[in-house]
Amino acid sequence: MNKNSRYDIIIAGAGCAGLSLLVHLVKSGSFKESRILVVDRAEKKSNDRTWCFWEKGTGVFEQVVSASWKQLYFRSFTLSRLFGLDPYSYKLIRSADFYGYCLDLLHQAPHAELINGEITQVGEDGEGAFIKVNGEKIYGGYVFNSLLDGKPVLAKDEYYLLQHFKGWFIETPTDTFDPAQATMMDFRTSQQSGACFVYVMPFSPTRALVEYTLFSGEVLKDEEYEEGLKEYIGNKLNIPVYKILEEEMGVIPMTNHRFSKGKGKIIHIGTAGGQTRASTGYTFQFIQKHSAQIVKALQAGRNPLIPSSAREKRAAFYDSVLLNILHHETIPAHEIFTRLFARNDPRNVLRFLDKENNLAEDFKLVSTLPTLPFLKAALNQL
């Protein structure tokens, strides 16, 4: 490959956002004549993370959904609620299955190409948008970039927390789990190191993913996650004997920093493009919606730099308010989520977290939260 190589579309980063966009492009059938290049440091093969999300009907990645549930538990110190999800299903995708599916699709598409190399620059010059890979410039009609350039510089009204977690895929010697019921959040854990909850995703009566998750400013030592998992499995799930089959760890930024959506022919996607919900860390479905919008714009011959909708701007404001409260520890997170799930139809909470509510629905849901602390935080963010 030489510096004069030119593609119609370049995708910088073969993580969730980059590969999702590739799949949307290929499946649309509209880009069979377009040269598409995907670039990443190394080809992804391992099961390094798990994505959980709720969805109506079947989605683009239904083929690699490992498990799904129609009933979810929310638990805290004062509430235990099992709720039905119709018309949603809560779904789980293992990254190894996701990567394999996407890369198989890429290798079968004659117009798409994957190269591995170190991307040291994403930019635009007189010849167009480009990435620099292993010292060479590669140009594209559009460059879609999912690479984050470290922690952003924050303005005074911006916050940067982390959602960090460690999960164990465990197997028990006897039937223990109900595969029809998953636990979305269980806050019955120590809150000393930050807002902490566990989720439990059962695959069978004897196998489940148990994930110990925190919202805080700093990650923990590895042994602290393990102690949290052991305590929860032993004392809350009442499982004395089990085998750890696999483990995973991850860190997701939770920030109201205004990430650039891009400029010119460079479009930011994924977390780098602001597709992570700051108040929850959920990203997967927002990436799918963004990818679909990009494809639709390209099909229509429009610039795929998608502006924020009024609904997205409202959601960003709500996220800023919640991050203000979490940062200043005004109200414990478990109390906020307990009120949301106790005083609302949980499906409306999911719609709210999905940015699908209208203004009246937003107001009704937000009014169930403690008025004075949220009003003060809202005025601060305004």
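Leu 375 is found in helix α9, residues 371-381; helices here are DSSP runs of H or I, at least four residues, numbered from the N terminus. This is a predicted model, where local features need pLDDT of at least 70 and side-chain atom pairs pLDDT 80 or more, while totals for chains, interfaces and linings use all residues. Residues are numbered from 1 along each chain as its sequence is written, and side-chain values use heavy atoms, leaving out hydrogens and water.

Is Leu 375 buried or exposed? Leu 375 is partly exposed, at 45% relative accessible area; buried means under 20%, exposed over 50%, and partly exposed in between, with a 1.4 Å probe and protein chains only. With Leu 379 and Leu 382, Leu 375 makes a nonpolar surface patch of about 360 Å². Such a patch takes residues with over 30% relative accessible area and no salt bridge, nonpolar side chains being joined within 5 Å. A salt bridge is a Lys or Arg side-chain nitrogen within 4 Å of an Asp or Glu carboxyl oxygen.

Now the interior. The largest nonpolar core has 48 residues, and Phe 374 is among those that touch the most other members. Helix α5, residues 310-328, gives the most to this core, with six residues. A core is a set of buried Ala, Val, Leu, Ile, Met, Phe, Trp, Tyr and Cys residues joined through side-chain atoms within 4.5 Å. Phe 374 touches, among others beyond four places in sequence, Val 321, Leu 322 and Ile 325; contact means heavy atoms within 4.5 Å.

Last, Thr 368 lies in the loop between α8 and α9. Thr 368 counts as buried, at 12% relative accessibility.

How values were computed:
Patches are made of residues with over 30% relative accessible area and no salt bridge: like charges are joined within 9 Å, nonpolar side chains (Val, Leu, Ile, Met, Phe, Trp, Tyr) within 5 Å. Accessible areas come from the Shrake-Rupley method with a 1.4 Å probe; for residues, only the protein chains shown count as cover. Helices (H or I, at least four residues) and strands (E, at least two) are DSSP runs, numbered from the N terminus.
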